[in-house]
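Work through the exercises below with the sequence and the structure side by side. Try each task before reading its solution.

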Amino acid sequence: MHEYSKVDINNSQKEVFLEYEINTAKERVGRYKDVLDAYAKISNEEKRPIKILDIGGGGGHFSAALSQHLVEVEYEIFSIDTIEHESWSKFSEISFIKGSAFELNALFDKNSFDLVFANYVFHHLIQDSYRKTINGISFVMDSIKSILNDGGTVCVSEISYNIPKIENLSSFLIYRASIIKTPFLAMIFKKFGSKSAGVGVCFQPIKKWKYLLCKSGFRISQSHDISSRIVRIILREHVFNIVATKGQDK
Ligand SMILES: C[S@@+](CC[C@H](N)C(=O)[O-])C[C@H]1O[C@@H](n2cnc3c(N)ncnc32)[C@H](O)[C@@H]1O
């Protein structure tokens, strides 16, 4: 049994995330075309459905866009989120599960998925200390490795705020500031644009996201910084798509 607790996002986060999902899902699926094509080939050759899990799948729009992309390919798509969304009823082709990323080992069989997506979910796995939060993220990465088939793939989208020389410190300070629940201070952080004020958020430097995946036994095969130059320069914000494959069991 794991020791990690789940933290639900708030309603204003839910609204912003849903709008983002709806506006970007199709384009984001397109970025994984080569990975999806490779699995489509495997599915056709081995005459079996490819099995996909979308962790922290929110309203399901990314999973729905995946299913639309997989024309003439047999698939099973599961999407898990701690919050049940009204939009789930629109997508009958997706199997939705209300549950937490911390429960993957209990919910799914070992070696049962070909492909797992974790889009902007790791930084929401907030615990009551920074160290426990990082350990929790590693726990979920270990669980993903366990439920993936040998050679299976995890696709991660994540965010980094890279302030040179103080990357680790800035990640820690953002975590500390965002978990403050005092209404006045939370309101100030919200005014500065922090959607997660009072709930917490744990962005890591890109090197650390990759390190955590490798520590869980993944091999990084692709890493793309997809943020615009202007956002990188002004906000120091970087958005990464990382593709990693399951290596040998540890
Ligand atoms: C930023 S949204 C991303 C939604 C979607 N993956 C996308 O990229 O469009 C993060 C999602 O992670 C979910 N989430 C947060 N903690 C979770 C947990 N412990 N287990 C599963 N989902 C979680 C939230 O409810 C939210 O829907």
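**Exercise 1.** Find what the buried residues of α1 pack against.

*Solution.* Work in the predicted model.
- Start with the buried positions of α1: E21, A25, R28 and V29.
- Follow them to their partner: these buried residues pack against α3.
- Now list the contact. α1 supplies E21, I22, A25, K26, R28 and V29. α3 supplies H61, F62, A65, L66 and H69.
- Sort by class: the contact has 6 nonpolar, 2 polar and 3 charged residues.

**Exercise 2.** Describe how α1 and α3 cross.

*Solution.*
- Two packed helices are described by the angle between their axes and the distance between the axes.
- Take the distance: the axes of α1 (residues 11-30) and α3 (residues 61-69) come within 8 Å.
- Take the angle: they cross at roughly 40 degrees.
- Add the hand: the crossing is right-handed.

**Exercise 3.** Check the span of α1, then locate its bend.

*Solution.*
- α1 has 20 residues, and 28 Å is expected at 1.5 Å a residue.
- From first C-alpha to last, α1 reaches 29 Å, close to that value.
- The bend is at T24, by about 60 degrees.

**Exercise 4.** Is V116 buried or exposed? Place it and name its contacts.

*Solution.*
- V116 lies in strand β4 (residues 113-119).
- Apply the cut-off: a residue with 20 or more other C-beta atoms within 10 Å is buried.
- V116 has 25 within 10 Å, so V116 is buried.
- Set aside neighbours within four places in sequence. V116 then contacts L53, I55, I144, L148 and V154.
- Compare S95, 21 residues from V116 along the chain: their C-alpha atoms are 14 Å apart.

Key:
Residues numbered from 1 in each chain as written. Predicted model: local features only at pLDDT ≥ 70, side-chain atom pairs only at ≥ 80, totals over all residues. Axes fitted to C-alpha atoms, helices over the stretch in contact; angles between N-to-C directions. Helix = DSSP H or I, 4+ residues; strand = E, 2+ residues; numbered from the N terminus. Left-handed = near helix turned anticlockwise from the far one by under 90°. Contact = placed C-beta atoms within 7 Å. Nonpolar A, V, L, I, M, F, W, Y, C, P; charged D, E, K, R; others polar. Expected span 1.5 Å × (residues − 1). Bend = angle between axes of the 7 residues up to and from the residue. Buried ≥ 20, exposed ≤ 12 C-beta atoms within 10 Å, placed from the backbone.
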